[in-house]
Amino acid sequence: MKIGIVGAGAIGGYFAAQLVEAGYEVVVLARGKNRDALLTDGLTLTSEKGVLKVKFAGVSDSPAELGVCDVVLFTVKGQSTDQAAEDMRPMVGPKTEIISLQNGLYGIERLAAKYEEGQLSPGITYIPAVVEAPGQVLRTGSLTRTVFGPLHPRDTALHDELAAALQKHGTDAFALKEPMKEIWTKYVVLAPFHLIGCLTRLPVGGWIGTEEMQDLFFRAMKEICALGRAKGADVPDTIAEKQVHFVKTTANPKTKASMLEDLERGKPLELESIIGWVCRESKNLGLESPIHDMAYALLLAHKDGHP
C-alpha cells in the first residue's frame, strides 16, 4: 500500500515514521528546508522510547512526481487547508482514501467541497509533538490516542488494517465506523482551550485554578455544544461539565495550546479554522457565540503572524 503524507510537520512526520516502520511505502510532499532534510537524511523521531530514523520511498515538492496514492494522510494546519487540498490532486485517484487528522471541523468540510465524500475519512489525534528542526520531530508526551473512520458509513477494512499496523508500532489508533461523535467531543474542548490559552498567554495550569476561568471555559464549551446540536451532532452539555472536571483534576498543568505556541513564535495561527469557524457557523445558524466572537476579534491582528 502506498501512503502519501500531505503536511510533513510534527503530526505528519510522526505518522510517516510509524507507517514506514509498519512496512508501508510512504511518500512525502514537502518543501524548502524540510524537503531537503528529508531527502538527505530522512526523518528522525525522538520520544521517551528512544530515537527512530526512517527514509521514505519518495520526497518531493511536486505532487505529480509522487504520483497517485492508495491513502493520503492530510495533516496540514488549518490555514493551509485550501491550498494543500488543491496541490495534492495529482496524488489522489478515484479510489484514494483521504484521512484527515486536522484540528476541528473546518478542514473536513473544505475537503468535502473538493473531493468525493466517499473518499473522505475524518479523524483526530491527541499526540503531543513539535518540529525541532527540519526533518526532526520530538514527541513531547506519551499520549498517542488517534481515531479515524469514514465520513459516511462504508467498508472499513482499510481503516482496520491501518489502525492495527499503527497499534503494533506503539500508537493507540482506533478505526471507528462513525467517528464524528468523538471528533465533536474533542472540538468542544479544543476551541475554548486554544482561545483561553492565547488570551491569557498561559499553560492550562496558569488559568484553570479560579472559579472565574472555569466558568469561562465552561461557557465557551457550551457554545460549541449548542453549535454541534444545531448541525445535527450528538453533543450534550454534559461534555462541558466533564471536561472542566478533567482539566481541573487530571490535565498536565504545563500543557500549552498549540495555537499559543504558534502565537509565541510569531507564526500564523489556525484562527479561522478553529475559532473563526465557530463564529461563522453559529451566526449562520442563528446562534450566539460571544466568547468565541470576542477571542476572534482580539486575536485577529495575530492571524498571519507578528502584526
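**View 1. The lining of the largest cavity in this predicted model.** Eleven names are worth finding here: Ile 3, Phe 15, Leu 19, Val 71, Leu 73, Ile 99, Leu 101, Thr 146, Phe 148, Leu 162 and Leu 166 line the largest cavity. A cavity is a set of points on a 1 Å grid over the protein atoms alone where a 1.4 Å probe fits but cannot get out, and lining residues have an atom within 4 Å of a point. Two or more lining residues come from each of helix H1 (10-21), strand E6 (69-74), strand E11 (146-148) and helix H6 (157-168); these elements are DSSP runs numbered from the N terminus (helices H or I, at least four residues; strands E, at least two). By class, the lining has 10 nonpolar residues, one polar and no charged, where Ala, Val, Leu, Ile, Met, Phe, Trp, Tyr, Cys and Pro count as nonpolar, Asp, Glu, Lys and Arg as charged, and the others, Gly among them, as polar. The space inside is about 90 Å³, a volume being the space filled by probe spheres set on grid points joined across faces, edges and corners. The whole structure holds four cavities of 30 Å³ or more.

**View 2. The second largest cavity.** Here the space comes to about 40 Å³. Look for Ser 100, Gln 102, Gly 104, Ile 108, Pro 122, Gly 123 and Ile 183 around it. This lining has three nonpolar and four polar residues, with no charged ones.

**View 3. The second largest pocket.** A pocket is an open set of points with protein on both sides within 12 Å along at least five of seven lines, and this one offers about 220 Å³. Of its 13 lining residues, Leu 105, Met 180, Trp 184, Lys 231 and Ala 233 lie nearest the centre. Helix H5 (106-112) and helix H7 (180-200) each give at least two residues to the lining, which divides into eight nonpolar, one polar and four charged.

**View 4. The setting of these spaces in the protein.** For orientation, the protein has 13 helices and 12 strands, and its C-alpha trace spans about 50 × 40 × 35 Å along the principal axes. Of its 307 residues, 51% count as buried (under 20% relative accessible area, 1.4 Å probe, protein chains only).

**Notes.** Residues are numbered from 1 along each chain as its sequence is written, and side-chain values use heavy atoms, without hydrogens and water. In this predicted model, local features need pLDDT of at least 70 and side-chain atom pairs count only at pLDDT 80 or more, while totals for chains, interfaces and linings use all residues.

Terms used:
Buried means under 20% relative accessible area, exposed over 50%, partly exposed in between (1.4 Å probe, protein chains only).
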